[in-house]
Structures are given as structure tokens and as C-alpha cells.
Amino acid sequence: MFEIEILTKKGFKNSRGEHVLSDICGLGIENVTKVEYSSLYIIDGDISFAETETIASDLLTDKITENYVIRQRDAECLSEVISKFSDVKEADMINPNFSVIEVWYKDGVTDIVSESLIKAVKDLGIAKEIKAKAGHKYYLYGEIFRVTLDTIATKLLANVLIQECKVY
Amino acid sequence: MKCTTKCKTIEILNLSDEQLFELSKKNVLSLSLEEMKIIQNYFKKLKRDPTDVEIETIAQTWSEHCKHKTLTGMIEYIEEKSGEKTKKTYNNLLQETIFKASGELNKPWCLSVFKDNAGIIEFDSENGIAFKVETHNHPSALEPYGGSATGMGGVIRDILGVGLGAKPLASTTVFCFGNPDMESSKVPEGVHHPRRIMKGVVSGIRDYGNRMGIPTVNGAVCFDDGYMSNPLVYCGTMGIIPKNKIDKKVESGDLVLVVGGRTGRDGIHGATFSSTQLDGESDISAVQIGNPIIEKKVLDTMIEARDLNLYRSVTDCGAGGLSSAVGELGKKTGTVVYLDKVPLKYGGLCPWEIWVSEAQERMVFAVPPENIERIIGIFKKEDVEAVCIGEFTDDKKLTLVYDGDVLASMSMEFLHNGVPKPARRAFYEIKEEKIQKPIDMSSFEISSSLISSLADLNVCSKEWIIKQYDHEVQGQTIIKPLQGNNIETSGPGDAAVIFPYTAVKNTRKGIVLSNGLNPQYGKIDPYKMAASAIEESLRNAVAVGANVKKISILDNFCWGNPSDPEVLGSLVRATKACHDMSKAFEVPFISGKDSLYNEYFINKKKYSIPSALLISAMGVIENVENTVTMPFKKNGNKIFVLGVTRNEFGGSVFSKIKSIDGGIVPDVYPRESKDIMEKIYNAISGNLIEACHDCSEGGIAVAVAEMAFSANKGVYIYIDAIETLSPLKKKCRSGNEMTPVEVLFSESNGRFIVEIKPDNEEKFRKILEGSIFSEVGYVSDDKKVIFESKKNNIKVQQSSEVLLNSWRNTIIGC
């Protein structure tokens with residue numbers, strides 16, 4: 001099982017992150033200084049790392065404005081970076097001053113992005129049966145209390161009726 | 001009857017009344033005790049208990065959403081006025097009001113009325129145009145994005161499923177939301193903030209409509225805190241259909257072909273869920289998520305199959321899923337369906353879940369066996385899944401089979417006609433309306449009031465919403481939602497006009513779409529609210545050039561709990577107005593929908609919505625060149641006000657912003673109003689009108705300001721020249737009995753502002769002979785909006801730019 005994260009390259013506008021920051025301000029929360037958004041995909045099935053890299057680079061990434069990271073994912077959250085974009089250093093990804101909120105659809109909820117992904121993978125010539133899941137990852141910068149993160153997650157980023165969120 | 005581990009027998013034969021009711025509640029069946037007892041008796045006669053598939057099928061078929069039990073049931077209505085009570089019994093409220101009016105009008109150009117997925121009127125000798133408006137309120141309250149998107153997807157499928165399929169040309173959306181600026185602390189736990197609901201709903205409509213390639217061309221938004229917990233989301237779609245594709249009939253032996261999306265646990269109990277109040281503990285399965293790309297492919301392929309005459313009937317899978325769609329198609333013949341053949345998104349679904357799932361983007365066709373290979377080939381070509389799941393029989397029974405076991409066997413007669421008619425009580429007290437104390441203001445105060453009115457949520461620009469929608473796709477939108485000189489200066493159009501030249505070669509005809517809605521009036525008098533909504537929808541259509549003699553209308557009632565006699569009483573009163581106005585204007589209803597139980601309980605406290613009736617109008621315009629927009633066109637042109645201004649402030653925008661108590665709700669005077677509408681049509685057809693705008697929220701002041709700032713021009717209006725009448729219908733001497741501010745902000749119905757070239761004045765006056773109208777001013781080049789009353793020493797003067805900014809800046813980048 002692989003997780004692919006699509007990130008905006010440095011120097012390009014992270015529009016969705018900016019919108020979320022504006023919405024957070026609209027909730028009256030002031031200590032979030034910056035938000036970066038990246039999209040997440042989990043691909044499960046009889047699929048190799050090379051094929052996953054093809055999916056990430058040829059299908060999911062806009063090579064001008066975005067980079068990708070591929071992580072091996074075992075069952076739940078345990079993840080290990082096994083491939084990352086070439087032009088950004090590992091250190092850039094690790095910033096102790098940010099918190100992360102991940103949002104995923106709950107099992108059983110129609111996820112049309114992952115349905116499209118499965119079809120597109122076949123169109124790409126990878127004729128394998130895979131399962132996919134699509135999610136969202138928000139990096140929130142600033143000194144933010146856990147309770148505030150929970151508020152942002154449930155009042156703004158996820159509809160807990162159909163989505164689950166991980167805050168860390 | 002053999003049951004598998006996936007299908008349970010529901011023991012009801014020996015249950016007490018209390019246990020029956022508990023069973024209904026526990027399983028979200030939304031069936032009353034009386035209905036449960038009838039089901040119990042039916043199975044007693046069969047000497048067996050029902051299966052869960054059978055119980056779920058009955059609950060879906062008998063749901064308020066599918067059967068409209070309240071509006072077609074028996075109602076004992078008592079109306080009280082000045083202490084006197086009158087009583088009337090309705091055996092079928094819809095039949096005796098709305099349907100009755102359409103039947104009596106019996107317009108030959110109405111091709112399909114209240115009998116299919118949408119109403120159809122004649123467009124030309126070869127084509128009809130279909131229109132349907134649906135609501136998706138409860139799903140949008142729970143999941144605004146998915147709820148609104150599937151609302152749009154659903155109404156598009158209604159158009160695909162009318163007759164043998166119409167091609168969608170345009171969509172409309174109308175919303176009612178809570179105040180988006182509401183403090184978060186005031187929003188109850190378990191409810192999304194109104195801003196989040198608004199953003200989600202708009203995004204859902206945008207993504208579905210734009211991806212389908214159908215322009216969203218017309219709409220309205222109403223804000224009221226009463227919709228905080230329970231937004232209203234109305235979605236409408238209009239399409240064109242050849243006249244020879246309107247009739248459809250299933251024949252025994254036809255195959256049941258399900259086409260489009262796969263079935264999952266989406267929207268389980270959607271039909272029955274819509275008959276319950278929102279209680280903050282809603283189930284994940286009640287939420288639906290749409291996939292417009294699948295629906296777009298279904299649209300394209302089915303129109304090809306239609307034109308090759310490959311199927312005999314079609315309908316969409318909406319509320320109730322396959323149960324509703326196949327059940328309706330096979331109502332007169334009978335049907336057998338093999339549930340294990342239904343393509344699934346994932347395993348693990350019980351047979352009843354497969355049968356009632358409201359998974360999106362599915363259509364059901366009745367296909368003669370000899371055409372099955374060819375039609376599946378057409379769908380396959382575009383990668384659309386099409387699977388034969390059964391056949392229509394001649395036994396008039398519904399038979400459901402799973403893995404070779406018969407899980408349901410019921411007569412169609414019981415299923416479709418076995419539901420008892422509920423008897424409800426309704427009560428309404430007509431309260432006396434009183435004119436408010438005279439409103440007198442200085443010029444400065446009037447100017448400030450105009451700015452506040454333009455900035456009010458219910459008047460201000462909805463550009464943030466409109467510009468997210470593609471209203472140009474298909475290239476046939478002639479009159480658009482925002483109108484003006486350029487992208488920075490625009491005003492609100494009254495109605496949209498579609499010129500369907502790609503669908504109908506060499507035509508000059510157009511299609512007008514408009515709407516009317518004002519829940520504020522309904523808080524005081526639902527009769528006047530309904531009458532005003534009808535008049536407003538017609539006024540909007542006429543303002544762009546429609547002929548009132550060729551307009552049809554649709555009703556969409558969104559009300560609270562009809563078990564409350566006063567709530568139902570107000571609904572009865574609104575339907576009465578629908579009948580009266582339909583007859584008086586000679587405008588037929590062709591389709592409609594009701595959404596009841598719009599109430600929400602949190603911590604045992606009941607929240608109910610303000611009752612809302614949306615009237616959507618569709619008409620045919622003979623020549624699209626004879627249409628007009630609302631911005632002023634040329635300096636020096638003359639301004640006329642058509643219609644009478646009365647002292648009517650009840651429920652008005654001005655009353656709200658100035659906290660004015662009392663006031664009379666605007667009434668409708670059909671004879672007066674229809675006469676003016678017919679004359680405007682004649683004048684527009686004769687190219688005598690340069691610009692036309694209806695007066696609604698905010699009255700003459702707002703309408704004139706909008707016409708001026710959208711053109712970046714100025715205007716001079718002489719208030720004393722505006723014709724007024726006292727509420728006692730006695731003609732006022734202009735301006736004498738109403739103060740200048742009352743004349744400017746009254747929301748009387750039946751009025752238009754029109755711009756005329758001086759050269760056309762004589763001809764225009766001749767057409768208007770016998771009607772109440774007056775010349776009130778002129779278009780000027782100084783970019784100032786001026787209202788003057790010399791008798792009252794009032795001169796209001798404001799720049800167009802300031803007024804435009806007031807109007808534009810309320811909702812920005814939500």
C-alpha cells in the first residue's frame with residue numbers, strides 16, 4: 001500500500017491553503033499564520049513502487065507547480081518516505097512549528113476522485129486491480145492548541161458525518 | 001417465500017399497535033400506525049410475515065416524498081377571520097386547487113401536466129420544452145456540497161427521464177440560508193454554520209452543473225435566520241424534447257435495463273428520511289455524493305438511443321432508487337427484478353439496500369428484447385455501464401429475486417394504491433393588517449436608507465455565486481443573470497432567455513426562465529406570499545419580453561411539519577392563492593413538488609423554517625430579438641413607472657432594516673397587473689422599450705438605482721409624478737397620502753420601470769391607454785441618481801458608483 005502526497009512547489013501560490021487560512025480567520029481564530037494544502041492518495045493492490053511512481057508523476061502531479069512524495073503505508077498510519085521530489089530537501093518538509101490535519105472519506109461513502117483515479121490508472125496502461133482512496137492534508141503553521149485544531153478540523157475542513165480526520 | 005441470510009423476515013402479524021409504531025420508527029420507515037396496520041392486514045391475508053425487502057419497498061412507495069400524502073390527503077380546514085370561523089373539507093388539496101386550475105384553463109399548448117417527471121409545454125410545431133424544479137433540503141443540511149450537487153444531478157435526471165428523454169438546456173437554483181455572518185456561538189451544536197452551508201451548497205451546484213455542460217442561468221437567494229439549521233436548496237432544469245418523444249409506455253416482455261452509476265449504500269432511506277425532522281443524529285447512509293461525469297455520459301448516449309427508438313420508456317432513479325423507478329415503470333404490468341444482477345460499487349449490500357439505495361446517476365429503461373444488444377452497445381461505446389436486471393411481466397405483481405430466491409412478491413395494486421389517505425386538521429387565523437405609522441424622513445435619511453437597502457442580504461449582488469456558475473456554456477444564453485456595461489458595472493437581470501438555436505435549426509424563438517419567492521410576506525399572510533410569488537415570477541419574465549399568455553409555472557412548497565394544524569393551515573391558504581392566481585392570470589401550473597417536515601430538533605428545542613413557496617416560470621418568446629435588459633440605455637430617454645404604488649410595507653426590506661412594526665403585505669390585483677403585462681409585451685414586440693425592470697424588494701428606489709448603476713448612468717425621478725393609491729383602493733392625489741419615502745420603498749406588486757426613447761413616447765402611450773402609468777423622469781449623463789419631491793421639499797442625490805458599491809460589497813469572496 002502506497003501513499004502519494006502532491007505538494008505545491010515552493011514559489012508557487014498555494015491557493016487552497018490561502019482560502020483555508022481566510023476561512024480560519026473567519027472563525028475568529030487568529031494564531032494560525034499560514035496554511036499549506038496538499039492532496040493525498042492511497043493506492044492498494046498488487047502494484048509496484050515503479051508503477052506508483054508513474055501514477056504520481058504522470059497522472060497526479062502538475063510538473064510545473066507541484067511535487068510528489070511516495071510513502072510506504074502499512075495498514076494504518078505507519079509511513080516511511082521512500083521517494084520524494086528531487087528539488088526540495090528533506091529538511092524543508094520538517095518544520096516543528098506546524099500541525100497537520102488529514103481528512104478522508106469514511107468507508108462506504110462514495111469517493112468519486114478515487115473512482116476516477118482507478119479508471120485513469122487503467123487508461124495509463126497499468127492493467128492491475130487496485131483500490132484507491134483520496135484525501136486532503138493541511139499543514140497549519142503557528143502555535144495552535146489541540147482544541148483549536150479540533151475546531152478547525154470539524155467546523156471547517158471535515159464533515160464528520162461522512163469524513164474522518166486525523167490531527168497531529 | 002424463501003429467505004437467505006441476507007434477507008430477514010419481519011414479524012409483524014402478531015404485533016400490537018405500539019410495537020408496530022416502534023418498528024416503523026426504529027427502521028426509519030416513516031410509516032404511521034394506520035399505515036402499519038394496513039400492511040399488517042395485507043400480510044395477514046397472505047398468511048405470512050413480510051421480508052425486510054417488502055417492508056422497505058412499501059415504506060419507500062408510500063413515503064411523503066413519493067406519494068405527497070399530505071397534499072393529496074383529506075384536510076379539514078378551518079379559517080378564522082375577525083372571530084368568525086368558516087370550515088371547508090378538502091378530499092385532495094392538490095386536485096382541488098392547483099390541478100383544478102390547470103385543468104380548467106386547459107391550455108392546448110400544455111403537452112404534459114403533472115403526470116411525468118417534468119411538465120412540458122409546446123415550443124414550436126415539432127418540439128416541447130420541459131421544466132422541473134426539485135428540492136434537496138435535508139441532504140444539503142447534512143452535507144452541503146454533496147446534498148446540493150446531487151440535488152442538481154437529480155433534477156437533470158428528471159429532465160432526462162421525462163417522456164423518452166429531453167436534452168437539458170439550462171438550470172436554475174434558488175436558496176434560502178441563515179445569515180452567513182452569524183456569530184459561531186449562536187449556531188447550535190450539530191449544525192453547520194450558515195456560511196459553511198452556503199459555500200458548500202454553491203460549490204456543489206457549481207461543480208455538478210458546470211461539469212455537465214449545462215448553464216445555470218437564473219436564481220435567487222433569500223437569507224433569514226429561520227433557515228440556519230435547515231437550508232432550502234431548490235434546483236431546476238429545463239430541456240427540449242421532440243413532441244413525438246413525449247409519450248411512453250411499458251409493455252409486458254420489455255427488459256429492465258439499469259444504466260449509469262453503480263449501486264452502493266448511498267442515500268439509503270432518502271425518501272423516508274425526507275419525511276422526518278432533522279435531529280442531529282442522521283445516518284451516514286442518508287448522504288449522497290454525485291459524479292457528474294457519469295451523468296454526462298449517460299445524457300449523451302441516451303439521447304442517441306432515444307433518436308434510434310431503441311427503448312419504450314425511461315425514468316430516473318431518484319428518491320427510493322430502483323424501488324421507485326422500476327416500481328413506477330412496472331405499475332401497470334408487473335415486473336420481476338433479479339437483485340443479484342444489479343452492479344454494485346462494493347460487496348456486502350443486503351438485497352433491500354440494493355433495492356432502495358439512492359446511489360446517483362442511474363436511469364432505468366424499458367427495452368424491447370430485440371433492441372437490447374444494440375442499446376447496450378451504444379452505452380458501452382462511451383464506457384457507460386448498462387445491465388439488464390429483469391423484465392416487465394403481465395402479472396401485475398412486483399417480484400424480487402436474489403440468488404434464485406424470491407424475496408418479495410406483492411401486488412402492484414396494493415403497493416401503489418393501498419396507502420390510506422391521511423386525514424389532517426388545518427387551521428388558519430387571518431390577522432388584520434394595519435398600515436404602519438407614517439414614515440417621514442429627511443433627504444439624507446432617505447439616501448442612507450437606499451444605501452442600506454441595496455446592501456441588504458436579500459437585495460445585494462449575488463455575483464460571488466453567479467460568477468462561479470457557467471451561465472454561457474452551450475452558447476445559447478441570450479439574457480444573462482448579470483447585466484450592465486462591463487464586468488465592473490452590472491445589475492440583477494429579471495429573467496434569463498435561452499435561444500436554443502443548436503437544438504432547433506432556423507428558429508427565432510426563445511425560452512424565458514424566471515422565479516418568484518418571498519418568505520418574509522408569508523410570515524404575515526401565506527396567501528399574499530403565494531400570490532406575490534406568482535406575480536413576481538410573471539413580472540420578471542414579462543420584463544425581458546415574455547408574453548404572459550404563453551407562460552407556465554411550477555410550484556415548490558417548503559413547509560414545516562404538517563401535523564401541526566397551524567402549519568398545515570398556512571399551506572392550505574397558500575395553495576388557495578395558487579388556484580386563484582393561476583385562474584386570474586390564466587397561467588397554468590405544469591409541475592410541482594412539496595418538501596414538508598422542514599424542522600429541526602436540537603436539545604428538544606424545535607426550530608422550524610419560515611414557510612416558502614418558490615414559483616418558477618417558463619415561457620416561450622416568439623422572437624429573441626424582441627427582448628430587453630434592465631440597464632438604462634441612453635441619456636435623455638424618458639422613464640415611466642407602470643402600475644400603482646400602494647402603501648404596502650408588510651414584510652418589506654425597508655421595514656426590516658428600519659425595524660418598522662406593522663404594514664400591509666403587498667397584495668396582487670390580477671386584472672390591473674395582467675393588463676399591464678400584456679401591454680408591456682406589445683410594447684417590447686414593437687421595439688418601443690429600451691430597458692425594463694420589475695419593482696420588488698426595495699421598491700422603486702432600488703429598481704431605479706439598479707437600472708442606473710448597471711449602466712453607469714444617472715437618472716432623475718420626480719417622486720410627485722408617481723401614481724399612488726390608498727390601501728382602500730381610492731386614488732390618491734399623487735404623493736399626497738404617501739410620504740416620499742413610502743412611495744420610494746413600498747413593495748407593491750404589479751409595477752415596472754421602463755425606459756422609452758422620446759421618439760417612441762406617443763406610440764408607447766397609445767399602447768398603455770387605459771392603464772395606470774406615469775412619466776416620472778429621464779436618464780441623465782451626470783452619473784447621479786436623483787429622487788425629488790418638490791411638494792415635500794425632498795431631494796435625494798447619490799452617485800451611481802456609491803450605490804453600485806453598496807450593492808456589490810455585501811457578499812464578497814465568501
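Which two strands of chain B form a hairpin, and how many residues lie between them? Strand 1 of chain B and strand 2 of chain B form the hairpin, with two residues between them. Ser82(B), in the turn, has a positive phi of about 50 degrees. The structure is a predicted model.

## The three-stranded sheet

The hairpin strands belong to an open sheet of three strands in chain B, whose order is 2-1-16 and whose pairing is mixed. Strand 2 (84–90) and strand 16 (423–430) of chain B are its edge strands, each pairing on one side only. On average, neighbouring strands of this sheet are turned by 15 degrees against each other, direction ignored.

Strand 1 (residues 74–81) of chain B runs antiparallel to strand 2 of chain B, and seven bridges join the two. Two of the positions can be given by name: Glu76(B) stands opposite Thr89(B) of strand 2, and Glu79(B) stands opposite Thr86(B) of strand 2. A helix also packs here. Helix 21 (residues 565–585) of chain B lies across strand 1 and strand 16 of chain B, and runs at about 75 degrees to strand 16.

## The six-stranded sheet

Chain B also has an open sheet of six strands with mixed pairing, in the order 3-4-5-8-6-7. Its edges are strand 3 (110–112) and strand 7 (216–223) of chain B, each of which pairs on one side only. From one strand to the next, the twist averages 20 degrees. At one edge, strand 3 of chain B is joined by two bridges to strand 4 (residues 119–122) of chain B, and these strands run antiparallel. The bridge partner of Ser112(B) is Ile120(B) in strand 4 of chain B.

Two helices are placed against this sheet. Helix 10 (residues 194–212) of chain B packs on the sheet and touches strand 6, strand 7 and strand 8 of chain B; its direction makes about 180 degrees with that of strand 6. Helix 9 (residues 144–160) of chain B lies across strand 5 (127–135), strand 6 (167–177) and strand 8 (232–242) of chain B, and runs at about 25 degrees to strand 8.

## Helix 7 and its two faces

Which residues of helix 7 (residues 98–105) of chain B are buried? They are Ile98(B), Ala101(B) and Ser102(B). These residues lie on the same side of helix 7 of chain B because they cover an arc of only 95 degrees around the axis. An α-helix has 3.6 residues a turn, so residues three or four places apart point the same way.

The buried residues of helix 7 of chain B pack against helix 6 (93–96), strand 22 (551–558), helix 21 and strand 23 (589–595) of chain B. Helix 21 is also the helix that lies across strand 1 and strand 16 of chain B. On the face of helix 7 turned away from its buried side are the exposed residues Gly103(B) and Glu104(B).

## Residues with positive phi

Most residues other than glycine have a negative phi. Asn106(B) is not a glycine, yet its phi is positive, at about 45 degrees. Asn106(B) comes just after helix 7 of chain B, in the loop between helix 7 and strand 3 of chain B. Is Asn106(B) buried or exposed? Asn106(B) counts as exposed because it has 9 C-beta neighbours inside 10 Å, and the exposed class holds residues with 12 or fewer.

Gln474(B) is another residue other than glycine with a positive phi, near 80 degrees. Gln474(B) lies in the loop between helix 18 (463–466) and strand 17 (477–479) of chain B. Gln474(B) is partly exposed, since 18 other C-beta atoms lie within 10 Å.

## Lys37(B) in helix 2

Lys37(B) is part of helix 2 (residues 33–46) of chain B. Lys37(B) counts as partly exposed because it has 17 C-beta neighbours inside 10 Å. The C-alpha atoms of Lys37(B) and Leu20(B) are separated by 7.5 Å, and the two residues are 17 residues apart along the chain.

## Domains and the contact between chains

The domain assignment of chain B gives domain 1 (74–417) and domain 2 (629–814). The centres of the two domains, taken over C-alpha atoms, are separated by 41 Å.

The contact between the chains takes 13 residues from chain B and 13 residues from chain A. The side of chain B that touches chain A has four nonpolar, five polar and four charged residues.

Terms used:
Residues are numbered from 1 along each chain as its sequence is written. Chains are lettered from A and ligands numbered from 1 in the order in which they are written. This is a predicted model: local features need pLDDT of at least 70, side-chain atom pairs count only at pLDDT 80 or more; totals for chains, interfaces and linings use all residues. Two strands pair if DSSP finds at least two bridges between them. Helices (H or I, at least four residues) and strands (E, at least two) are DSSP runs, numbered from the N terminus. Axes are lines fitted to C-alpha atoms, for helices over the stretch in contact, and angles run from 0 to 180 degrees between N-to-C directions. Two residues are in contact if their C-beta atoms, placed from the backbone, lie within 7 Å. Ala, Val, Leu, Ile, Met, Phe, Trp, Tyr, Cys and Pro count as nonpolar, Asp, Glu, Lys and Arg as charged, and the others, Gly among them, as polar. A residue is buried if 20 or more other C-beta atoms lie within 10 Å of its own, exposed if 12 or fewer, and partly exposed in between; C-beta atoms are placed from the backbone. The arc is that of the directions from the helix axis to the C-beta atoms. Domain bounds come from an automatic or database domain assignment.
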